[in-house]
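Open the model in your viewer and keep the sequence panel visible. The tour goes from one selection to the next and says what is there.

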Amino acid sequence: MIWTIIIGGIAGWLAGKIMRGDGFGIIVDIIVGIIGGWLGGWIFGKLGLHMGNGLIGSLIVALIGSIILIWLIRLVKR
């Protein structure tokens, strides 16, 4: 559970930097990262891709999922 929060926070922060150039704040970054991790895991599973069970693989999946989540949120906001 703690690793999920840490990886989610890092992934959400990185996705905020990549997509917006600025983070959303630590709480929102963690939430975006955790949801992005679930989204990324689901997408990678549907595509038959596996990044491994390590820290780096989890971070990459959560980062990609977080970027997609931010993109979808912006698409809906328009």
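A residue is called buried under 20% relative accessible area, exposed over 50%, and partly exposed in between. Keep these cut-offs at hand for the stops below, and bear in mind that the model is predicted.

**Stop 1: Ile10.** Select Ile10, which sits in helix H1. Its relative accessibility is 39%, so Ile10 counts as partly exposed. Now add Ile30, which is 20 residues away along the chain. The C-alpha atoms of Ile10 and Ile30 are 7.4 Å apart.

**Stop 2: the nonpolar patch.** Which residues join Ile10 in a nonpolar surface patch? Select Ile2, Trp3, Ile6, Met51, Leu55, Ile56, Ile60 and Ile64 along with Ile10. Together they make a patch of about 860 Å². Colour helix H1 (2–19) and helix H3 (55–77): each of these helices supplies at least two residues of the nonpolar patch.

**Stop 3: two members of the patch.** Pick Leu55 from the patch; Leu55 belongs to helix H3. With a relative accessibility of 47%, Leu55 falls between the two cut-offs and therefore counts as partly exposed. Next pick Met51, in the loop between H2 and H3. Met51 has 37% relative accessibility, so it is partly exposed. Draw a distance from Met51 to Gly12, 39 residues apart along the chain: their C-alpha atoms are separated by 18 Å.

**Stop 4: the largest pocket.** Leave the patch and show the pockets. The largest pocket holds about 300 Å³ of space. Of the 20 residues that line the largest pocket, select Gly37, Gly41, Ser58, Val61 and Ala62, which are the closest to its centre. Which elements give two or more residues to this lining? They are H1, helix H2 (26–47) and H3. H2 contributes the largest share, with seven residues. Colour the lining by class: nine residues are nonpolar, eleven are polar and none is charged.

**Stop 5: Arg20.** Finish at Arg20, in the loop between H1 and H2. Is Arg20 buried, partly exposed or exposed? Its relative accessible area is 46%, so Arg20 is partly exposed. Add Ile70, which lies 50 residues from Arg20 along the chain. The C-alpha atoms of Arg20 and Ile70 are separated by 9.0 Å.

Key
Residues numbered from 1 in each chain as written. Predicted model: local features only at pLDDT ≥ 70, side-chain atom pairs only at ≥ 80, totals over all residues. Heavy atoms only, no water. Patch = residues over 30% accessible without salt bridge, like charges linked within 9 Å, V, L, I, M, F, W, Y side chains within 5 Å. Areas by Shrake-Rupley, 256 points an atom, 1.4 Å probe, with all protein chains shown as cover. Salt bridge = Lys/Arg side-chain N within 4 Å of Asp/Glu carboxyl O. Helix = DSSP H or I, 4+ residues; strand = E, 2+ residues; numbered from the N terminus. Buried < 20%, exposed > 50% of the residue type's maximum accessible area, 1.4 Å probe, protein only. 1 Å grid on protein atoms, 1.4 Å probe; cavity = no way out; pocket = protein on both sides within 12 Å on 5 of 7 lines; lining within 4 Å. Points joined across faces, edges and corners; volume = space filled by probe spheres on them. Nonpolar A, V, L, I, M, F, W, Y, C, P; charged D, E, K, R; others polar.
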